[in-house]
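Let's take a friendly walk through a protein model. Keep the sequence and the 3D view open as you read.

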Amino acid sequence: MNKVILMGRLTAAPELRYTQTSNIPRCTFTIAVDRRFAKQGEERQTDYFTIVAWRGTAEFVAKYFDKGLRVAVVGSLQNRSWESDGKKHTVTEVVADEVYFADAKRGDAYEPGAEDFDYDTESDDLPF
């Protein structure tokens, strides 16, 4: 199984390009993901991941995402290799299947547990 789930902030604006032969949208961007734990007395380390999105997902990312935005990415790892000037190059990137906004809308304060339930708090009857 090859599945990756990441949440981090865009390090720069996404870059949208189109393939030469088929004109298919391809968007690349990098996210910075903080590690879950830090060694005592040290700052938490950050890893940087290159993300590639295709077609509609690529156009969505290019249109709505910008540097600094926190996003969630679901996809898979992929290795690519090529030769240039006699040297072999290899890169590992995340191919995005799904990309989501992970920040609250600007100006909206998110309060955990403050969902919009409509029930009578004075009654002894629970709504569930």
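A good place to start is R80, which touches R26, H89, T90, V91 and E93 when residues up to four places away in sequence are not counted. Contact here means heavy atoms within 4.5 Å. Before going further, note that this is a predicted model: local features need pLDDT of at least 70, side-chain atom pairs count only at pLDDT 80 or more, and totals for chains, interfaces and linings use all residues. Residues are numbered from 1 along each chain as its sequence is written, and side-chain values use heavy atoms, with hydrogens and water left out.

**R80 and its partner E93**

R80 is found in strand β5, while E93 has its place in strand β6. Helices (H or I, at least four residues) and strands (E, at least two) are DSSP runs, numbered from the N terminus. How far apart are R80 and E93 in sequence and in space? They are 13 residues apart in sequence, and their C-alpha atoms are 8.1 Å apart in space.

Their side chains make a polar contact of 2.6 Å. A polar contact is a pair of N or O atoms within 3.5 Å; within protein, one must be able to donate a hydrogen and the other to accept it, and residues adjacent in sequence count only if both atoms are side-chain atoms.

Is E93 buried or exposed? E93 counts as buried, because its relative accessibility is 4%. The cut-offs are under 20% relative accessible area for buried, over 50% for exposed, and partly exposed in between (1.4 Å probe, protein chains only). R80, by contrast, is partly exposed, with a relative accessible area of 32%. The contacts of E93 are R26, T50, V52, S76, L77, Q78 and R80, again not counting residues up to four places away in sequence.

**Salt bridges**

Side chains of opposite charge can pair when their charged atoms come close. A salt bridge is defined as a side-chain nitrogen of Lys or Arg within 4 Å of a carboxyl oxygen of Asp or Glu. By this rule the count comes to five salt bridges. Here are some of them:

| Salt bridge | Closest N to O |
|---|---|
| E93 and R80 | 2.6 Å |
| R35 and D47 | 2.8 Å |
| D103 and R9 | 3.2 Å |

The pair of D103 and R9 links distant parts of the chain: D103 is in the segment after β6 and R9 is in strand β1, 94 residues apart. D103 is partly exposed at 26% relative accessible area, and R9 is partly exposed at 37%.

What about R35 and D47? R35 lies in the loop between β3 (25-34) and β4 (46-54) and D47 in strand β4, so this pair ties together parts that are twelve residues apart in sequence. R35 is partly exposed, with a relative accessible area of 37%, and D47 counts as partly exposed at 25% relative accessibility.

For E93 in strand β6 and R80 in strand β5, the salt bridge joins parts 13 residues apart in sequence, so it ties those parts together. Salt bridges that share partners also join R9, R70 and D103 into one network.

**How the strands pair**

Two strands pair if DSSP finds at least two bridges between them. How many bridges join β5 to β6? There are 14 bridges between β5 and strand β6 (residues 87-101), and these strands run antiparallel. One example is S81, whose bridge partner in β6 is T90. The hairpin of β5 and β6 has two residues between the strands, and D85 takes a positive phi near 55° there.

Strand β5 (residues 70-84) is also joined to strand β1 (residues 4-10) by six bridges, and these two run antiparallel. V4 stands opposite G75 in β5.

**The nonpolar core**

In soluble globular proteins, nonpolar side chains tend to be buried together. A nonpolar core is a set of buried Ala, Val, Leu, Ile, Met, Phe, Trp, Tyr and Cys residues joined through side-chain atoms within 4.5 Å. Which members of the largest nonpolar core touch the most other members? Of its 18 residues, they are L6, F29, I31, I51, F65, V71 and V73. At least two residues of this core come from each of β1, β3, β4, α1 (55-64), β5 and β6. The largest share, four residues, is supplied by β3.

V71 makes a nice final stop. Leaving aside neighbours within four places in sequence, V71 is in contact with L6, M7, G8, L10, I31, F65, Y100 and A102.
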